[in-house]
Amino acid sequence: MMGVLPWSSARSRDRRQSRLPLYEKTNTPMKERNSNDSYDDDSDYDGYSEASSSPGTSNSRMTSASTSTATPILSRKKFAVSRGPRQPLTYRLPNKVIRYLCFGLTSFILLMILTLIRASHNENRAIAEGRIDRPSSAPPAWESFPFLTRYYGGIRNLIPFSQNKPEYPLAKGEQPVDKMSYVNNSNWEPDVQGRRLPASKEYNRYPSSVFQNAPEEFQECFLDKANKVHVPPIRYYEGRPNGFPEPILGSYELLGLPEDICFERYGRYAPYGFGYSVRSGGLGTGELGEKEGFESTWEKVPQVDWKDMDWADTQRRCYQANAGRYKKVAPKQPNPNGFYVNDGTAATDLRTRDAASPESLKASTATSEGEAASKKLPRTAIVIRCWDEYSWKEEDIMNIRSLISELVLASGGRYDVHLLVQVKNDAAHPIWADADAYQRRIEETIPAEFRGLVTFWTETQMLSLYQGIFDLFARGPDLPVHGVYRGLQMAMQYFAYQHPEYDYYWQWEMDIRYIGHYYDLLTKIENWSKGQPRKGIWERNARFYLPSVHGTWEDFKQMARVQSEMGTTGADNIWDGLPGADKQGNRGEKPIWGPERPKDPKDWFEPDNDPMPETTYEKDKYVWGVGEEADYITFNPMFDPEGTTWGLSDDITGYNTADGNGMPPRRAQIITASRMSRRLLMKMHRETAFLKHHAFPEMWPGTVALQHGYKAIFVPHPLYVDREWPGEIFARTLNNGRNGATGGSRTSVFGQREHNLVGLTWFYNSGFAPNLYKRWLGLKVNNDGGEEFELTVDESKNGTSVNEMRGGEGRMCLPPMLLHPVKDVALPVEAIPDDAMEVPESDPGA
């Protein structure tokens, strides 16, 4: 029998009873070893050895070839072995020490994290404060484009508009023109004084002006109470300087604005005191430099002595003379201060702009039967924002004079001009506690002729009016929601609440300038907006219009419609539709048709009064909205801030953004200058007061208009650019948002890419607008321009760049254009005469 005999099945499991193992001799002489042989003492047999003691072998183990006979052998001596746990080979630290080491290591890691956070905070703060220079980045691509030069041509090199070959923009494939050809024409004379100077003309008689196209009948308004002093009309020159560029954005023809004429500084501002001395009633500035032809301003109307003007009284008299043309003045909002026993008879020393005399109320209601049957005209307030510490200069004064003269007097009282002035430190000037303090602060800070136009406001006043708004502190704790930066619209809302006599309110700024006639501009903008249909309006509002790229306005309308409905490929959606992409399917957008409300119905405010579409979007034939006055008119596109890098896109509060509602629908436009209807402002006022909704001032009006279905219009007014941008590249840069719009995407031009707009004549941080305006006034900018440039020719220059222009073309002449921002224009001013100064007698003995 081969193998090892098994243990007896009757063997006791008690280890104290042992039996001797049996040795079996194998039949084969070969020794075999199992592959699993082990020499470990820890056997299952508790100390018994399986080693063989056969005489023919030496320590051979049993194999499967053992014999069937078994001979008992003696057991090996059993040694006592401890069965306790084995001792570890290394020393283990006490638990107390381990705890201290872990605590120390954790504290060290936390300390290092806090140190790094603190270092990062300090570095960011130092960079923000300018103590550490930011790493230089690659310059933007537009800095490589050359500057345009023909903006700085003058009235001695005018050419008819139809014959002008603009320096920019060039048609596709057109070769650039030699810039010296603009000055080497047949009419060019080496002697500056020998060049023919064309005659200027009165703008009131310009064929395409509002005064000729749509003349109105009203009682003429005068500057004085005796009705004898007229305002001299502004004057223009026909044509443009040779080679003057065309606007890259917007259109003169579309809005009906004049594009075949230009204005130089005396024709624009001489009627308002520019160019003659303080003794004669002028501003004492503009008396130096190239002046030929400026005296034509006073050919028919003499110079005005502006020293004793009271513009509040002048505006009031103008309205009273034409009150029958307008809607009946609504009563002023009463102040809920209880009753006063002398109501109706008490007089006040503090005269405000809105205190209407009994005579004016009678004039506004005493109309003939024919006038009562006719349609009454609405009235508009021009509200200019300012602050009490503003440094008034002569240039500011002549600009405000032009605003009032051209909007109030030239329209027969259709407009009124107000100054909405912030008192920055109402702790030092308690204007709300004392009427004398109110009047005293006006006299300390505002030029005498404008003091009757002032309405004060403060941040603490806005805080008391609009309590309960949840402040997001989007710009840090130093800029609260009720402050002038983030809560500016609150002051405008409350102003409208206090002045129900107006149907519309233009929010204007001190740093806006218009080269042209203000009444002509605003009238044509308002009429064009009134004629726009609502269909596709929000899609068009979201895009810049470049005629050289987009073609006619009809082409642009259809392009905006197709892009919105079908979608376009951009950096934000290039991977859409691919497997694994976050977005799938159609890229198009649903057209905006009627109110775009927030998802949560609790965020709807007075929805029953909102205008609703007359028919479906598909059935409308661009009819709805035509003839309807616009509630909101802006000078920049109204873009969707969602997804953009604009830093204030989420500065909107009071809405339920939880429970999957997301951010509410909203729109924004850069620069707050705009026209708002009373309906819009009252909705903003009440929604802020009662529902605690509010947004950044540049986003709040557009958002309310969008959510309530009000008519909003972006006006594509003419804008110029300072460099030779390729047209296609500029169009893609500006309309680089979602589906060809300006917003809705991280690639939007509004946000981190706003540097592309600083070369335009209208943007909040434009560098071109103030430089162009100062050069137009005859000042030097970056050592270019000035009196010498206007009067002399430098033959050594080649005319290829701005600083290489030869000059000698006379005063600059610009077509009508809006400019912003224009700040701190310091004109040379003559010394103020001191009539009381005594001349000392000479000493004969000296």
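**Exercise 1. Work out how strand 13 and strand 15 pair, and place strand 15 among its neighbours.**

Step 1. Strand 13 (residues 632–634) pairs with strand 15 in the antiparallel sense, over three bridges. Two strands count as paired if DSSP finds at least two bridges between them. Strands (E, at least two residues) and helices (H or I, at least four) are DSSP runs, numbered from the N terminus.

A quick note before going on: this is a predicted model, where local features need pLDDT of at least 70 and side-chain atom pairs count only at pLDDT 80 or more, while totals for chains, interfaces and linings use all residues. Residues are numbered from 1 along each chain as its sequence is written, and side-chain values use heavy atoms, leaving out hydrogens and water.

Step 2. Find the facing residues: Ile633 stands opposite Arg675 in strand 15.

Step 3. Now look at the partner strand 11 (residues 504–509), which runs antiparallel to strand 15 and is joined to it by four bridges. Here Gln507 stands opposite Ser674.

Step 4. Check the two faces of strand 15 (residues 674–677). Ser674 and Met676 on one side are buried, and so are Arg675 and Ser677 on the other. Buried means under 20% relative accessible area, with exposed over 50% and partly exposed in between (1.4 Å probe, protein chains only). Remember that in a regular strand the side chains alternate between the two faces of the sheet.

**Exercise 2. Put the strands of the open sheet in order and find its edge strands.**

Step 1. The sheet has seven strands in the order 10-9-8-11-15-13-17, and its pairing is mixed.

Step 2. Look for strands that pair on one side only: these edges are strand 10 (454–457) and strand 17 (712–714).

Step 3. At the strand 17 end, strand 13 pairs with strand 17 in the parallel sense over three bridges. Ile633 turns up again, this time opposite Ile713.

**Exercise 3. Follow the chain from strand 8 to strand 9 and give the handedness of the crossover.**

Step 1. Start with strand 8 (residues 380–387): seven of its eight residues are buried, so the rest of the structure largely encloses it.

Step 2. Eight bridges link strand 8 to strand 9 (residues 415–422), and the two run parallel. Thr380 has Tyr415 as its bridge partner in strand 9.

Step 3. The chain gets from strand 8 to strand 9 through helix 8, and this β-α-β crossover is right-handed. That means the path from the first strand over the helix to the second runs clockwise, with the strands pointing away from the viewer.

Step 4. Strand 8 also runs parallel to strand 11, joined by six bridges, with Arg385 opposite Glu509.

**Exercise 4. Describe the largest nonpolar core.**

Step 1. A nonpolar core is a set of buried Ala, Val, Leu, Ile, Met, Phe, Trp, Tyr and Cys residues joined through side-chain atoms within 4.5 Å. The largest one has 163 residues, and Trp392, Phe450 and Trp508 have the most contacts inside it.

Step 2. Helix 8 (residues 394–409) gives the most to this core, with eight residues.

Step 3. Zoom in on Trp392. Skipping neighbours within four places in sequence, its contacts (heavy atoms within 4.5 Å) include Ile397, Leu419, Phe450 and Met510.
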